[in-house]
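Could you walk me through this model in my viewer, one selection at a time? I am new to it and would like to know what to click on and what I will find there.

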Amino acid sequence: MRTMGGEQVTEAVASCAAVLRTALDRDWESVRAGRLEWSCRRTAGHIASDLVVYAGQLAGRAQDAYLPLEITLDEEADNREAVRSIELTGALLAAAVVTAPREARAFHPFPFRSANREGFAAMGITEVLLHTHDIAEGLGLPYEPPAELCESVLTRIFPHVRPGPDHWRTLLCATGRGELPGRAPVTGWHWTNNAVIPAERLTLEGVTPAAATDLAVGGTGGFEWVDGGPFESTRDAAGALVKAYRSGTHRPEWGMFVLVRSEDGRAVGGMGFHGAPDEEGKAEVGYDLAVRARGHGYATEALRALSGWALARGDVRTLTAIVERANLPSQAVVSRAGFTRVGEDEETFAYALNG
């Protein structure tokens, strides 16, 4: 699996600088940047400011709010210096992403109040690509970034957006900068960093479409697994996530989580939902562990954490689980997590936990 990292940040910044340098002799101050109310010059400064803020957040591991950082171009700075400021701040973000450990997270307000290093890289790249587009549109310059960059962004922080045949046009459509046939115009948009749910010895890390795609075809999904992991059911769940993403029905908060052991950062299993809550507020959970991780109470601990997180939300009232009659360890897990048996058939027992 190709990691979203510093190399991709550098690539995005290089694509920005290349097009902006073709218009250094133009007036950036009096020209609006595409559909924005800002001038092209102000938009260039905004790109640099976003990059340094993201670098500071990640490097400083800010947990509760944005650090008080902002870049403002000097009044006397010319267009060449504006482009150079984007390159310099892009280098700062690339370095912050490269040096941050995989488990590092820092504050970002939407939607789950944190992002990991891939999230900050993807957000920085998105700011660069979109605002370069805005400036180029204002100045009448052609601009199209690498398609792979756009796909990497979409599969990491736009998991709720149905992919299209053209990654760049899909990103423009998703952010209100273009339209695609068969899709309503976007007037308000957001990105979605993956959710994380803390437990006593584990962290449940939300799986992005990028990670799920890799898991489904036999990869690691970007996680370091214990021996024997991931288990087959985890790969099946990842495949179901990919299918939902491609059809436009995936809701990331009701998707799949990988259970990461805090003591060594190794993934020990998968857990999540079979889909979003239905009209009655019911959602079904499923889980498995790598064989070497069983017998330590990880599944029970994770299910308690996931259940508490889900039932605290306004759109779910009941969690259900279906367990095979022969699977005594799994029956013990759901029972210890607070579920009660509510039904059965010849092959399975049905369990439920009400909020």
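Here is a tour in four stops, from a strand and its partners to pockets, cavities and charged pairs. Keep in mind that this is a predicted model.

**Stop 1: strand E7 and its neighbours**

Begin by selecting residues 266-273, which make up strand E7. Is this strand mostly covered or not? It is mostly covered, with 7 of its 8 residues buried.

Now add the partners of E7. Show residues 256-261 for strand E6, which runs antiparallel to E7 and is joined to E7 by 5 bridges. To see the two strands side by side, pick Val260, which stands opposite Ala267 in E7. E6 and E7 form a hairpin, with 4 residues between them. Click on Gly265 in that turn: its phi is positive, at about 75°.

Next, bring in E8, which pairs with E7 in the antiparallel sense over 5 bridges. A good pair to highlight here is Phe273 and Val285, as Phe273 stands opposite Val285 in E8. Then add E5, whose pairing with E7 is parallel and has 2 bridges. Glu224 is the residue to pick for this one, and it stands opposite Arg266 in E7. While the strands are on screen, look at their side chains: in a regular strand they alternate between the two faces of the sheet.

**Stop 2: the pockets**

From here, select Ser233, His274, Gly286, Tyr287 and Asp288. Of the 47 residues that line the largest pocket, these five lie nearest its centre. This pocket has a volume of about 1200 Å³. Colour by element and you can follow its lining: H8, E7, E8, H9, strand E9 (318-324) and helix H10 (328-336) each give two or more residues. Which element gives the most? That is H8, with 7 residues. If you colour by residue type instead, the lining divides into 23 nonpolar, 17 polar and 7 charged residues.

Move on to the second largest pocket, with a volume of about 370 Å³. Select Glu151, Thr155, Pro209, Ala210 and Thr213, which lie nearest its centre among 20 lining residues. Helix H5 (147-157), helix H7 (209-216) and H8 each give two or more residues to this lining, and the largest share, 6 residues, comes from H5. By type, the lining holds 8 nonpolar, 6 polar and 6 charged residues.

**Stop 3: the cavities**

How many cavities of 30 Å³ or more are there? The count comes to 2. For the largest cavity, with a volume of about 100 Å³, select Asn194, Ala195, Gly206, Val207 and Pro252. These are the closest to its centre of the 17 residues that line it. The lining divides into 8 nonpolar, 7 polar and 2 charged residues.

The second largest cavity holds about 40 Å³ of space. Select Arg102, Glu103, Arg105, Asn116 and Glu205 to see its lining. By type, that lining has no nonpolar residues, 1 polar and 4 charged. Keep Arg102 and Glu205 selected for the next stop.

**Stop 4: the salt bridges**

Side chains of opposite charge can pair when their charged atoms come close. A search of the whole structure finds 19 salt bridges. One of them joins the side chains of Arg102 and Glu205, at 3.0 Å from N to O. Arg102 lies in the loop between helix H3 (79-99) and strand E1 (105-106) and Glu205 in strand E4 (residues 202-206), so the pair ties together parts that are 103 residues apart in sequence. Arg102 is partly exposed, with a relative accessible area of 23%, whereas Glu205 is buried at 8%.

Now jump to Asp227 and Arg292, a salt bridge whose closest N and O atoms are 3.7 Å apart. Asp227 is in the loop between strand E5 (224-225) and helix H8 (232-247), and Arg292 in the loop between strand E8 (282-289) and helix H9 (298-311), 65 residues apart. Show the surface here: both Asp227 and Arg292 are exposed.

Two more selections finish the tour. Glu280 and Lys282 meet through their side chains in a salt bridge of 3.7 Å, N to O, and Lys282 is partly exposed at 38% relative accessible area. Last, select Arg251, Glu253, Arg313 and Asp315 together, which are linked in a network of salt bridges.

How values were computed
Residues are numbered from 1 along each chain as its sequence is written. This is a predicted model: local features need pLDDT of at least 70, side-chain atom pairs count only at pLDDT 80 or more; totals for chains, interfaces and linings use all residues. Side-chain values use heavy atoms; hydrogens and water are left out. A salt bridge is a side-chain nitrogen of Lys or Arg within 4 Å of a carboxyl oxygen of Asp or Glu. Buried means under 20% relative accessible area, exposed over 50%, partly exposed in between (1.4 Å probe, protein chains only). Two strands pair if DSSP finds at least two bridges between them. On a 1 Å grid over the protein atoms alone, a cavity is a set of points where a 1.4 Å probe fits but cannot get out, and a pocket is an open set with protein on both sides within 12 Å along at least five of seven lines; lining residues have an atom within 4 Å of a point. Grid points are joined across faces, edges and corners, and a volume is the space filled by probe spheres set on the points. Ala, Val, Leu, Ile, Met, Phe, Trp, Tyr, Cys and Pro count as nonpolar, Asp, Glu, Lys and Arg as charged, and the others, Gly among them, as polar.
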